[in-house]
Structure formats: structure tokens, C-alpha cells
Amino acid sequence: MLKRVNIEFAHNFYQAYSIRCKPICRELGMPQTAFDILMFLANNPDYNTAKDIVELRGLKANLVSVNVERLVRDGYLDRRDFPGDRRKTSLICTEKAQPVIERGRELQKSFFEDIFQDVDEASRENFHRVMGMMEHNLNQILKGSE
């Protein structure tokens, strides 16, 4: 029998991460959603459209639109024509965004170190291995539904 995963885990994960982000967001005068979008684009360069952010991050389209506009206006993002499809626009992190991204990555690294505190290396490796297998299985299910 599968052990039931606590439904609060994802909620607590997001809440704890948001708490960790508050100081940097406050210092930058940047809403959490804008910071999340910037970090998503920096960490996932192959997914660089507003549609990607909506679909993969699960954010509402209007929130993505408003925050992307703010990030462009504030000089953290540039819009570029998407190669091969003039209807799409790529969102590219600017040079101004790089110090924010570096700090964000340090924050993310520290956060993951803290949540894996007291988890031995073998358990960490097993966790990552199992997550990879689950991702593969999910992709197989999704391919079968097409």
C-alpha cells in the first residue's frame, strides 16, 4: 500500500519558500510573483514565453501579464521575437537582472540545503532517482493521452 503524502507538504513548501524570498523582494521592491517569474526564466531558458510560465508555473495569465510588463518596464526582461513564429515573444533576462538572479539562486540553494538538513546523501540520491523515474512515468502517461 502506498504511504499517503500529506496534502499540506506542497503548501508548506511554497509558504516556507515565500517567507525566505520576502527580504529580497522587499529590498528590491519586487512582488513575489515577479521574482518567481524572473527566477523561472533564468533557471529554465528553454521555457521563455508567458504561455510557458502560465502552464509550467501554474500562474494565472493576468498575473503573468502584469508582472512581465513590470519586469520589462523596470529593465529586468527584454521581449524578443520568437524564431519561426511571429505570434510568440521570448522573454529574456537582461544584464540588470543578473545580480538579482545570482542572489535568487543563492537563496534557492540555501533553501534546499535547509529542507534537506539531516537527510543523508544516500537518501538524497534515492529521492532524486525516484523523482526522475516518476517524471519519466508521467511523461509516458502524457504521451499516451495524446
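Two strands count as paired if DSSP finds at least two bridges between them. Helices (H or I, at least four residues) and strands (E, at least two) are DSSP runs, numbered from the N terminus.

With that in hand, look at the hairpin. This is a predicted model, where local features need pLDDT of at least 70 and side-chain atom pairs count only at pLDDT 80 or more, while totals for chains, interfaces and linings use all residues. Residues are numbered from 1 along each chain as its sequence is written, and side-chain values use heavy atoms, with hydrogens and water left out.

**The hairpin**

Strands E1 (residues 77-82) and E2 (residues 85-93) run antiparallel and are joined by six bridges. Two residues sit between the strands of this hairpin, and Gly-84 there has a positive phi near 85°. Leu-77 stands opposite Cys-93 in E2.

Is Asp-81 buried or exposed? Asp-81, which belongs to strand E1, counts as exposed, because its relative accessibility of 68% is over the cut-off (buried means under 20% relative accessible area, exposed over 50%, partly exposed in between, with a 1.4 Å probe and protein chains only). Asp-81 and Arg-26 are 55 residues apart along the chain, and their C-alpha atoms are separated by 32 Å.

Just past the hairpin comes Thr-94, in the loop between E2 and H5. Thr-94 is buried, at 11% relative accessible area. Leaving aside residues up to four places away in sequence, Thr-94 touches Gly-75, Tyr-76, Leu-77 and Asp-78; a contact here means heavy atoms within 4.5 Å.

**The whole chain**

Now zoom out. The chain has six helices and two strands, and from the N terminus on they run α-α-α-α-β-β-α-α. Taken along the principal axes, the C-alpha atoms fill a box of roughly 50 × 45 × 25 Å. Of the 146 residues in the chain, 27% are buried. Among contacts between residues at least 6 apart in sequence, 48% join residues at least 24 apart. The accessible surface comes to about 10,900 Å², and 54% of that belongs to carbon and sulfur atoms; such areas come from the Shrake-Rupley method with a 1.4 Å probe, and for residues only the protein chains shown count as cover.

**The nonpolar core**

In soluble globular proteins, nonpolar side chains tend to be buried together. A nonpolar core is a set of buried Ala, Val, Leu, Ile, Met, Phe, Trp, Tyr and Cys residues joined through side-chain atoms within 4.5 Å. Which residues touch the most other members of the largest nonpolar core? Of its 26 residues, they are Phe-35, Ile-37, Leu-38 and Ile-53. The elements giving two or more residues to this core are H1, helix H2 (32-43), helix H4 (61-73) and H5. H2 supplies the largest share, eight residues. As for Ile-37, its contacts are Ile-53, Leu-59, Val-64, Asn-67, Val-68 and Leu-71, again not counting residues up to four places away in sequence.

**A nonpolar patch outside**

Some nonpolar residues face the surface instead: Phe-9, Phe-13, Phe-112 and Ile-115 form a nonpolar patch there, with about 380 Å² of accessible area together. Patches are made of residues with over 30% relative accessible area and no salt bridge; like charges are joined within 9 Å, and nonpolar side chains (Val, Leu, Ile, Met, Phe, Trp, Tyr) within 5 Å. Helix H1 (8-28) and helix H5 (98-115) are the elements that give two or more residues to the patch. Ile-115 lies in H5 and is partly exposed, at 39% relative accessible area.

**Salt bridges**

How many salt bridges does a search of the whole structure find? The search finds nine, where a salt bridge is a side-chain nitrogen of Lys or Arg within 4 Å of a carboxyl oxygen of Asp or Glu. Here are some of them:

| Pair | N to O distance |
|---|---|
| Asp-74 and Arg-70 | 3.7 Å |
| Asp-74 and Arg-73 | 3.5 Å |
| Arg-87 and Asp-85 | 3.2 Å |

Arg-70, Arg-73 and Asp-74 are linked in a network of salt bridges. Within that network, Asp-74 is partly exposed at 26%, Arg-70 is partly exposed at 27%, and Arg-73 is exposed at 60%. In the other pair, Arg-87 is exposed at 74%, whereas Asp-85 is buried at 17%.

**An unusual phi**

Most residues other than glycine have a negative phi, and most peptide bonds are trans. Asp-118 is not a glycine, yet it has a positive phi of about 70°. Asp-118 sits in the loop between H5 and helix H6 (121-144), and it is exposed at 78% relative accessibility.
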